[in-house]
Amino acid sequence: MLDWNRISSLRDEVGPDDFGEVVDLFLEEADSVTLTLAAQPSDQNLEEALHFLKGSALTLGFRDLSDLCQISETLASNGRSDEIDLNPILTSYEVSKSRFLSDLPGAFDSQTSL
């Protein structure tokens, strides 16, 4: 579900001091997009929202969420939005976020805090 190698790479890229701030920013933006998706966006916004959420998921190491977004983004780009079930995406985001936040404090040294 979570790619801790990617998460570690992100931490290395931004540095331990800025890691928490970067994570907060990505989660805040992803929260906003999932609220939009939960409100059943129009077909015009769906592909863009899924693409953005996929990118955030990849950045944060939310592997399963990224995969689900990719599948649905492809459907939307092919005019098949009516075949998209957003519930697994929204559930995956919540589960990934919860697991990420609960496992993060023990994943790195004590310098990382959110």
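**Exercise 1.** Is Glu13 buried or exposed?

*Solution.* Let's start with the ground rules. This is a predicted model, where local features need pLDDT of at least 70, side-chain atom pairs count only at pLDDT 80 or more, and totals for chains, interfaces and linings use all residues. Residues are numbered from 1 along each chain as its sequence is written, and side-chain values use heavy atoms, with hydrogens and water left out.

Next, the cut-offs: buried means under 20% relative accessible area, exposed over 50%, and partly exposed in between (1.4 Å probe, protein chains only). Glu13 has 54% relative accessibility, so Glu13 counts as exposed.

**Exercise 2.** Find the salt-bridge partner of Glu13, then look at two other bridges.

*Solution.* A salt bridge is a side-chain nitrogen of Lys or Arg within 4 Å of a carboxyl oxygen of Asp or Glu. The structure holds 4 of them.

- Step 1: Glu13 pairs with Arg6, and their closest N and O atoms are 3.0 Å apart. Arg6 is partly exposed because its relative accessible area is 23%.
- Step 2: Asp31 and Lys97 also meet, at 3.0 Å from N to O. Asp31 sits in helix H2 and Lys97 in helix H5, so this bridge ties together parts 66 residues apart in sequence. Helices here are DSSP runs (H or I, at least four residues), numbered from the N terminus.
- Step 3: Glu73 bridges to Lys54 with 2.8 Å between the closest N and O atoms. Glu73 is in helix H4 and Lys54 in helix H3, 19 residues apart. Both residues are buried.

**Exercise 3.** Describe how the rings of Phe62 and Tyr93 sit together.

*Solution.* Rings of Phe, Tyr and Trp (its six-membered ring) pair if their centres lie within 6.5 Å; planes under 30 degrees apart count as stacked, over 60 as edge-to-face and the rest as tilted.

- Step 1: By this rule there are 3 aromatic pairs.
- Step 2: Phe62 and Tyr93 make a tilted one, with 6.4 Å centre to centre and 45° between the planes.
- Step 3: Phe62 lies in the loop between helix H3 (43–60) and helix H4 (63–77), while Tyr93 belongs to helix H5 (residues 87–107), so the pair ties together parts 31 residues apart in sequence.
- Step 4: Now check the cover. Phe62 counts as buried because its relative accessibility is 1%, and Tyr93 is buried too, with a relative accessible area of 1%.
- Step 5: Zoom out, and Phe62 and Tyr93 join Trp4 and Phe100 in one aromatic cluster.

Key. Helices (H or I, at least four residues) and strands (E, at least two) are DSSP runs, numbered from the N terminus.
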